[in-house]
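The report below describes selected sites and contacts of the structure shown here, moving from annotated residues to domains and then to charged pairs.

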Amino acid sequence: MKHEQFVKIRRDLHQIPELGFQEVKTQKYLLEYLQQLPQDFLEIKSWKTGLFVKVHGKNPSQTIGYRADIDGLPITEETGLSFCSKHEGYMHACGHDIHMTIALGVLTHFAKNRVDDDLVFLFQPAEEGPGGALPMMASDEFKAWKPDFMVALHIAPEYPVGTIATREGILFANTSELFIDLHGKGGHAAFPHETKDMIVAASFLVTQLQSIVSRNVDPLDSGVITIGKITGGTVQNIIAEKARLEGTIRTLSDDTMKIMKKRIEAIVAGIETSFDCKATIDYGANYRQVDNDPTLTREFMTFAEKETNMKVIDCNKAMTGEDYGYFLSEVPGFMFWLGVASEHGLHHAKLNPNENAIGEAIDLLTAYITEKSKEK
Ligand SMILES: CC(=O)N[C@@H](CCC[C@H](N)C(=O)O)C(=O)O
């Protein structure tokens, strides 16, 4: 298999998934790999649990940026693979092991085959939360090495290997995390009239939240509210004093995000009245939409179509979120989907990307960056 060494790297990284800003082993692994590359033109700076790596060009007229996210998810892997996660309860279920590996593959090529322009590789922590992009952008390292344009990819389980998909303009949604805490009065299961049951309140709340997308968002617009986790109560015969809902809100515009948050607040206030309880809302991390630069995106799609064997799809927007959107608010660039043909999707315990996509992406990005670096 072409680029076989990178399949091994991917498998090593796959075994050590770590949550946002805890990517200690991952950073160590990346550093050890980078340190055995020719160091003549490389400059490496650690930043929290991430890294900035610069490949100095021969005669730079611009800096080309490439961003890979490096964190895993709190999911217990169920792939049964020989190289499955060694961190019980955690998994690279969003493909960040593949993203990092591809970045290493491209970086390796340019560390050995210098181009004119400077290249900066960002290994970014905490994409899944609480968000590493904004603090990384605020760092002195980013300010000193700020790229003139940036590229990133995300694996796409639904597309075959040999396929990429992207679009001009908005590719991914605005997101906001959502944490709602309900506080009532617990008590004996046999005396509900003496309590304020937060399991019942939480159940009504989850159901009422469903009306926001169907009744407050323009049917020609898009919105998502997903409650991914509910906690509350202690045992079957005690009425719960507290309950907590954890979820995410997704929209394609700031205005719709404001409308949805306003409705959430109104519904939560209604729950407080109906169930005589106290509620707090915390919006956690908010991610800006991924808004692809139209010219760079079109040029990349044309390049991939003409100069490689990749099938290029002009795809629809997705309600996924990515804090890479923050980078694109300051630096022109784009993100694209990379087909990895997995039967199970992103954030699934059985996600199993086809590793042939790694080599395909390394070749594509190497060719594209080489071409861009010829431009004067
Ligand atoms: C590509 C992808 O799956 N990204 C995550 C980003 C999470 C943002 C934040 N933690 C939230 O849930 O709002 C996604 O879930 O789309």
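His347 has a relative accessibility of 43% and therefore counts as partly exposed in this predicted model. His347 is placed in the loop between strand 17 (333-339) and helix 10 (356-372), and, apart from residues up to four places away in sequence, it touches Leu73, Ile75, Ala93, Cys94 and Glu128. The unreviewed UniProt entry lists His347 under "binding site", together with Cys94, His96, Glu128 and His154. Although these residues are spread over 254 residues of sequence, they cluster in space, with a largest C-alpha distance of 12.8 Å. Of the listed residues, Cys94, Glu128, His154 and His347 are included in the lining of the largest pocket.

Cys94, which is found in the loop between strand 3 (63-69) and helix 3 (96-112), has a relative accessibility of 6% and so counts as buried, the limit for that class being under 20%. With residues up to four places away in sequence left out, Cys94 touches Leu73, His99, Glu128, His154, Ile155, Leu346, His347 and Leu351.

A further cysteine, Cys84, also lies in the loop between strand 3 and helix 3, but at 28% relative accessibility Cys84 counts as partly exposed. Its contacts, leaving aside neighbours within four places in sequence, are His14, Gln15, Glu77 and Thr79. The C-alpha atoms of Cys84 and Arg11 are separated by 8.0 Å, although the two residues are 73 residues apart along the chain. Gln15 belongs to the loop between helix 1 (4-14) and helix 2 (24-35) and, with 15% relative accessibility, counts as buried. Beyond residues up to four places away in sequence, Gln15 touches Phe83, Cys84, Ser85, Lys86 and His87.

On the level of domains, the protein chain is divided into domain 1 (4-171 + 289-374) and domain 2 (174-286), whose centres, taken over C-alpha atoms, are 35 Å apart. At their interface, 10 residues of domain 1 are in contact with 12 residues of domain 2. The area buried between the two domains is about 770 Å², and carbon and sulfur atoms give 56% of it. Gln289, Met319 and Tyr326 supply 62% of the area that domain 1 buries against domain 2, more than any other three residues. Zero salt bridges are found across this interface.

In the whole structure, by contrast, a search finds 18 salt bridges. Three of them are set out here.

| Salt bridge | N to O distance | Separation in sequence |
|---|---|---|
| Arg10 and Glu355 | 3.0 Å | 345 residues |
| Glu355 and Arg11 | 2.7 Å | 344 residues |
| Arg67 and Asp323 | 3.0 Å | 256 residues |

Because Arg10 lies in helix 1 and Glu355 in the loop between strand 17 and helix 10, their pair ties together parts that are far apart in sequence, by 345 residues. Arg10 and Glu355 are both buried, Glu355 having a relative accessible area of 10%, whereas Arg11, with 32%, is partly exposed. For the third pair, Arg67 is in strand 3 and Asp323 in the loop between strand 16 (311-314) and helix 9 (324-330). Arg67 counts as buried at 1% relative accessibility, and Asp323 counts as buried at 0%. Salt bridges with shared partners join Arg10, Arg11, Asp97 and Glu355 into one network.

Conventions. Residues are numbered from 1 along each chain as its sequence is written. This is a predicted model: local features need pLDDT of at least 70, side-chain atom pairs count only at pLDDT 80 or more; totals for chains, interfaces and linings use all residues. Side-chain values use heavy atoms; hydrogens and water are left out. UniProt positions are given in the numbering used here, feature names are shortened, and annotations may be inferred rather than shown by experiment. On a 1 Å grid over the protein atoms alone, a cavity is a set of points where a 1.4 Å probe fits but cannot get out, and a pocket is an open set with protein on both sides within 12 Å along at least five of seven lines; lining residues have an atom within 4 Å of a point. Helices (H or I, at least four residues) and strands (E, at least two) are DSSP runs, numbered from the N terminus. Buried means under 20% relative accessible area, exposed over 50%, partly exposed in between (1.4 Å probe, protein chains only). Contact means heavy atoms within 4.5 Å. Domain bounds come from an automatic or database domain assignment. Buried area is the accessible area (1.4 Å probe) that two parts lose on being put together, summed over both. A salt bridge is a side-chain nitrogen of Lys or Arg within 4 Å of a carboxyl oxygen of Asp or Glu.
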